[in-house]
Amino acid sequence: MASGVGMRKNETLICAPLMADTVDQVVNLMHKSKATGADIVEIRLDHLKSFDPHSDIQKLIKECPLPTLFTYRPIWEGGQYDGDENTRFNALQLCMKLGADHIDIELKAAHEFNKFLNGGKPEKCKVIVSSHNYDSTPSSEELGNLVARIQAAGADIVKFATTAVDITDVARVFQITVHCQSFQVPIIAMVMGERGLMSRILCPKFGGYLTFGTLEAGKVSAPGQPTIEQLLNLYNFRLIDSDTKVFGIIGKPVSQSKSPKLYNRAFREDGFNGVFLHLLVDDLPKFFDTYSSPDFSGFSCTIPHKEVALSRCDEVDPVAKSIGAVNCVIRRPNDGKLFGCNTDYIGAISAIEDGLRENGASGPVSPLAGKLFVVIGAGGAGKALAYGAKEKGARVVIANRTYERAKELAEIIGGQALSLADLESFHPESGMILANTTSIGMQPKIEETPVPKEALKHYELVFDAVYTPKITRLLGEAQEVGAKIVTGVEMFIGQAYEQYERFTGLPAPKQLFKEIMGDH
């Protein structure tokens with residue numbers, strides 16, 4: 001199937017915000033924007049260090065290879081301009097006269113700007129009236145009133161940006177977008193911050209006029225903007241339409257997850273109409289209650305939500321119930337009920353067994369049989385590995401920062417409990433297996449490790465569920481003392497096979513998954 005860049009199933013525009021010191025720099029960015037795949041550019045006049053309105057605006061319009069949106073944002077609305085309003089209004093009026101396709105005026109200034117224009121608005125230029133809330137996302141009723149005020153201020157296109165305190169805030173913005181769409185009111189509705197990312201990616205699904213995508217990561221005009229490259233190639237933005245099914249990885253933190261890279265590429269190659277997102281979730285029950293439509297079809301769950309997810313499912317696979325955690329939740333299309341299962345233990349245990357076989361283990365029974373298997377962590381992934389190792393005939397030891405939690409899990413599994421501190425001096429035998437299921441050593445805290453290097457020499461194999469970075473400090477030091485290592489990437493790919501099949505009803509593209517993660 002064609003890539004997300006080549007095909008187009010929606011009319012939502014990708015707008016590149018351009019912020020630079022000089023007009024020549026802006027012109028360079030315009031051409032870069034077109035080459036990168038933007039449909040329109042937002043020229044932020046308030047960022048120019050020197051500005052001669054007539055000659056500069058003329059040059060910017062004449063040399064731009066894409067449709068234009070001019071914004072001259074004042075300090076009081078989050079911009080850089082701190083001069084008088086008359087000068088600002090004159091510049092925006094000049095943009096309109098010289099052929100700008102869009103200009104942006106703030107709701108707070110729209111009444112005065114309309115008086116200033118005195119009816120002199122060129123037909124070609126669309127006026128975006130905008131409002132920005134950098135603190136929160138108002139109620140549905142307040143958002144509805146805001147849209148009405150923006151329309152009353154003479155907007156050709158309604159624009160508002162709010163801030164996500166919780167990911168469920170985005171749902172209210174989707175509702176307003178759909179409402180505006182049903183009345184043919186063009187709307188740009190964004191929710192700022194990492195918890196609002198979904199609003200920027202799914203706007204084609206709900207009928208948004210445009211989304212903002214940056215040329216470079218970090219060079220944003222508002223918090224939470226993805227890059228154009230991410231929109232097109234990571235999230236398949238051009239392929240999203242009203243029928244697109246929404247999937248995602250639920251976690252906290254979650255931005256480090258490679259799941260969207262894996263699933264979105266596979267969706268595209270299989271021609272499956274779905275999109276897979278990073279979902280930064282604080283309150284899981286609230287999330288499930290808010291996004292209860294069949295369009296929100298399935299979720300991967302990671303730290304710290306695997307155990308709570310189980311309690312919120314209407315039906316749970318017996319293995320997941322035994323483990324006490326789910327890492328995959330499916331919304332059944334016929335009745336909307338949530339079904340939970342656990343694919344963690346399959347992915348991790350298979351990867352560890354393969355590692356032992358590469359180390360020389362052979363025979364019909366699992367190479368884990370009879371081994372002393374030390375699990376670090378008593379959360380969802382720890383439970384999954386402990387359960388899986390026990391099933392394969394290993395003797396299981398649970399080590400956790402909080403001894404009580406380790407003891408609790410050890411009693412359920414039928415194993416031994418230790419505190420994490422005890423692990424340093426724990427070596428009753430050689431040839432043991434060590435599996436870290438905590439986030440210790442994950443980006444950005446890559447200098448951390450759960451076990452001192454000296455203690456690792458007693459282990460035949462060391463596994464780390466963390467896969468960002470691929471070689472954690474724990475794995476690097478294990479390698480140095482001669483242990484076989486298995487990375488979290490192998491577990492990640494293994495657990496993704498079954499999830500993909502449950503999400504799509506299609507066979508997992510195993511070779512593709514390996515290729516995608518091969519460069520990780």
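1. A friendly place to start is the pair of helices H2 and H3, which are oblique to each other. Their axes are 10 Å apart and the packing angle is about 40°, which falls in the oblique class because that class takes in the angles left over once those under 35 degrees, over 145 and from 65 to 115 are set aside. H2 spans residues 53-63, and its crossing with H3 is right-handed. On the H2 side the contact uses Pro53, His54, Ile57, Gln58 and Ile61, and on the H3 side Ala91, Leu94, Cys95 and Leu98. Sorted by class, these residues come out as seven nonpolar and two polar, with no charged residue. Please keep in mind throughout that this is a predicted model.

2. H3 has another helix to look at, H4. H3 covers residues 85-98 and H4 covers residues 107-117; their axes come within 11 Å and cross at roughly 65°. This crossing is right-handed. H3 contributes Glu85, Asn86, Arg88, Phe89, Asn90, Leu92, Gln93 and Met96, while H4 contributes Ala109, Glu112, Phe113, Phe116 and Leu117. Here the classes are seven nonpolar, three polar and three charged residues.

3. Now for the sheet that H3 packs on. It is an open sheet of eight strands with parallel pairing, in the order E7-E6-E5-E4-E3-E2-E1-E8. Strands E7 (187-192) and E8 (210-212) form the edges, each pairing on one side only. On average, and ignoring direction, neighbouring strands in this sheet are turned by 25° against each other. For a close look at one pairing, take E3 (residues 68-71) and E4 (residues 102-106), which pair in the parallel sense over three bridges. Within that pairing, phenylalanine 70 has isoleucine 103 of E4 as its bridge partner. H3 touches E3, E4 and strand E5 (126-132), and its direction makes about 155° with that of E4. Helix H5 (residues 140-152) also packs on the sheet, touching E5, strand E6 (157-163) and E7, at about 145° to the direction of E6.

4. A further sheet deserves your attention. It is open, has six strands in the order E10-E9-E11-E13-E14-E12, and its pairing is mixed. Its edge strands, each pairing on one side only, are E10 (274-280) and E12 (315-316). E9 and E11 (residues 296-301) run parallel and are joined by five bridges. One residue pair to find on your screen is isoleucine 249 with its bridge partner in E11, serine 300.

5. Which strands do helices H10 and H18 lie across? Helix H10 (residues 259-270) lies across E9, E10 and E11, running at about 170° to E10. Helix H18 (residues 488-504) lies across E9, E10, E11, strand E13 (328-331) and strand E14 (338-341), and runs at about 5° to E13.

6. Is phenylalanine 247 buried or exposed? This residue sits in strand E9 (residues 245-251). Its relative accessible area is 1%, so phenylalanine 247 is buried, the cut-off for that being under 20%. Beyond its neighbours within four places in sequence, phenylalanine 247 contacts Phe267, Phe272, Gly274, Val275, Phe276, Leu277, Ser297, Gly298 and Phe503. Its C-alpha is also 8.0 Å from that of serine 300, although the two are 53 residues apart in sequence.

7. Two other buried residues are worth a visit. Histidine 305 lies in the loop between E11 and helix H12 (306-312), and its relative accessible area of 5% makes it buried. Not counting residues up to four places away in sequence, histidine 305 touches Ile250, Gly251, Lys252, Val281, Asp282 and Leu284. Leucine 232, in helix H9 (residues 228-234), is buried with a relative accessible area of 2%. Leucine 232 and threonine 36 are 196 residues apart in sequence, yet their C-alpha atoms are 9.3 Å apart.

8. Finally, the overall picture. The protein has 19 helices and 20 strands, and its C-alpha trace spans about 85 × 50 × 45 Å along the principal axes. Of its 520 residues, 57% count as buried. Taking contacts between residues at least 6 apart in sequence, 70% join residues at least 24 apart.

Notes. Residues are numbered from 1 along each chain as its sequence is written. This is a predicted model: local features need pLDDT of at least 70, side-chain atom pairs count only at pLDDT 80 or more; totals for chains, interfaces and linings use all residues. Side-chain values use heavy atoms; hydrogens and water are left out. Axes are lines fitted to C-alpha atoms, for helices over the stretch in contact, and angles run from 0 to 180 degrees between N-to-C directions. Helices (H or I, at least four residues) and strands (E, at least two) are DSSP runs, numbered from the N terminus. A crossing is left-handed if the near helix is turned anticlockwise from the far one by less than a right angle, and right-handed if clockwise. Contact means heavy atoms within 4.5 Å. Ala, Val, Leu, Ile, Met, Phe, Trp, Tyr, Cys and Pro count as nonpolar, Asp, Glu, Lys and Arg as charged, and the others, Gly among them, as polar. Buried means under 20% relative accessible area, exposed over 50%, partly exposed in between (1.4 Å probe, protein chains only). Two strands pair if DSSP finds at least two bridges between them.
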